Amino acid sequence: MSTSVLTERYVHEVVRRLPAEQRDDIAEELRTTIADTVEGRGSADPRVAEREVLSELGDPVRYASRYTDRPLALIGPDLYPTYIRLLVTLLCTLLPAVTFGLVVLDVLDDDNLGSAIGSGIGTLFTLGCQMIAVLTVVFGVMERVRHHKGVVDAATWTPDDLPEVRQPDKGGVAACAAAVWYGLLVGLIIWQHTAEPYRADGAGGDTKRIEVLDPGLWSGWVWPMLAGLAGLVVVQLARVAARGWTVPLAAGNAVAQAMFTLPLAWVFNEKSVFNPDFLADADTLWSSTDQAYAGTALIVLALGVSAVFKSFRAARG
Amino acid sequence: MLACLALLRKPSYGYALLETLNDAGVTVDGNTLYPLLRRLEKQGLLTSEWNTDESRPRKFYQVSPDGSRVRTGLVREWQDLVSSISRLTKESG
């Protein structure tokens with residue numbers, strides 16, 4: 001039996017995508033079938049008929065996949081919803097968290113907020129791309145493994161998988177803002193320590209750069225405050241994710257608030273919050289009295305207590 | 001698929017089956033039919049045999065006992081569906 005080069009090329013393209021043990025059998029049948037069909041056309045020019053027949057059979061890749069039932073999609077309908085859910089979650093939570101952490105580290109190392117933000121944007125982009133790529137590859141492989149094992153049922157879904165109806169999260173935006181605010185505070189405290197932004201008039205008319213907050217804090221009270229602020233950021237983000245306060249979250253909030261608020265109130269009360277050099281230079285801006293310090297300490301305490309109280313009340317209600 | 005199982009009570013081969021189906025008004029493309037035959041064979045609903053008596057070696061398919069059972073079931077389902085639909089269309093028409 002003679003088959004033309006065109007048919008041979010087509011058959012080869014199809015069977016090389018099939019399991020080895022089926023190749024010869026399917027190739028033989030396909031050749032016969034194509035020859036039969038060409039003959040059946042009764043066309044004057046068998047070459048034209050052959051072209052027609054082959055183009056009707058269509059793309060060899062597609063055709064071969066009908067024999068093997070191999071998926072023609074990278075991620076099929078079974079896995080697609082999970083894939084999208086996971087992708088969105090990762091891009092909305094892990095990516096910003098990691099980027100923020102790296103920017104903070106950069107600021108600590110480099111003292112330069114601008115370049116840190118620049119590299120943060122770069123990180124956001126590359127890390128985002130990597131997350132998408134890795135997740136896609138993992139799901140692509142999973143799809144093929146599942147298919148190979150013959151797991152093609154989409155029936156694993158049950159009504160229990162339904163997410164809770166999402167009540168509009170009234171406090172969500174506020175919690176996000178709070179997280180950003182606490183994060184900013186951490187950044188500001190570290191920034192004023194490392195970059196020494198305030199220019200004080202030194203003796204002899206030259207300016208020297210000093211910190212705004214008391215440098216003595218760094219050998220003591222600033223650490224629990226920073227830890228408390230970081231804890232508050234985490235708690236607020238967790239609250240956003242949980243779409244409301246829960247009792248454990250409120251307890252975490254209380255601990256973090258206490259770690260931040262108590263030292264802050266204490267240092268205000270001790271009048272050791274600002275750098276004495278800064279105050280000496282800035283005393284023209286405002287006059288600080290003892291009452292003001294004590295009052296601020298009380299306000300700080302009151303704010304902290306009210307924040308804790310509100311979170312518990314929300315968790316109960 | 002049901003048409004294949006119905007027609008293949010007598011052994012036949014790919015192209016001839018396609019022609020018979022199309023003549024009977026069941027239009028089906030070769031690129032659907034030939035892989036389908038293979039799948040039915042893999043599922044044990046068809047048996048196949050190479051026949052080298054003619055000018056070309058051809059693979060002849062025939063319904064297996066399993067295939068006959070499946071066919072009977074499918075025919076019943078099909079008729080149920082047809083009668084349901086015709087009842088529905090009659091009521092609404």
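Glu49(B) has Phe60(B), a residue of β3(B), as its bridge partner. This pair sits in a predicted model, and it is a good place to start reading chain B. Strand β3 of chain B covers residues 58-63, and six bridges join β2(B) to it. The two strands run antiparallel.

Now widen the view to the whole sheet. Three strands of chain B make it up, in the order β1-β3-β2. The sheet is open, and its pairing is antiparallel. Why do β1 and β2 of chain B each have one side left without a neighbour in the sheet? Both stand at the edges, β1 at 12-13 and β2 at 46-51, and each has a single partner strand, so one side of each stays unpaired in the sheet. In general, strands of a sheet pair through backbone hydrogen bonds, either parallel or antiparallel.

Next, turn to where the chains meet. Here 15 residues of chain A are in contact with 13 residues of chain B. On the chain A side, α2 (20-41), α3 (46-57) and α4 (60-68) each supply at least two residues. Helix α2(A) gives the most, with eight residues. The character of this side is mixed: five residues are nonpolar, five polar and five charged.

Chain A also holds the largest nonpolar core, with 25 residues. Those with the most contacts inside it are Leu229(A), Leu232(A), Val233(A), Phe260(A), Leu264(A) and Phe268(A). Four elements of chain A give two or more residues to this core: α7 (172-194), α8 (222-242), α9 (247-269) and α11 (290-316). Of these, α9(A) gives the most, with nine residues. Take Val233(A) as an example. Beyond its neighbours within four places in sequence, Val233(A) is in contact with Ala179(A), Tyr182(A) and Gly183(A). A second, separate core has 15 residues, including Cys4(B), Tyr15(B), Leu45(B) and Val63(B).

The UniProt record adds another layer. Its unreviewed entry places "transmembrane region" features in chain A at residues 83-105, 117-141, 172-191, 221-242, 249-268 and 292-312. Two of these spans can be checked against the model. Residues 83-105 of chain A are 100% helix and 0% strand, with end C-alpha atoms 31 Å apart. Residues 221-242 of chain A are 95% helix and 0% strand, and their end C-alpha atoms also lie 31 Å apart.

How far can chain A be trusted? Its pLDDT averages 78, and 84% of its residues score at least 70. Among its elements, helix α1 (residues 5-15) has the highest mean pLDDT, 86, and strand β1 (residues 198-201) the lowest, 66. Where pLDDT is low, the predicted coordinates should not be read in detail.

Conventions: Residues numbered from 1 in each chain as written. Chains lettered and ligands numbered in written order. Predicted model: local features only at pLDDT ≥ 70, side-chain atom pairs only at ≥ 80, totals over all residues. Core = buried A, V, L, I, M, F, W, Y, C linked by C-beta atoms within 7 Å. Buried ≥ 20, exposed ≤ 12 C-beta atoms within 10 Å, placed from the backbone. Contact = placed C-beta atoms within 7 Å. UniProt positions renumbered as here; feature names shortened; annotations may be inferred. Nonpolar A, V, L, I, M, F, W, Y, C, P; charged D, E, K, R; others polar. pLDDT = per-residue confidence, 0-100. Pairing = 2+ DSSP bridges.
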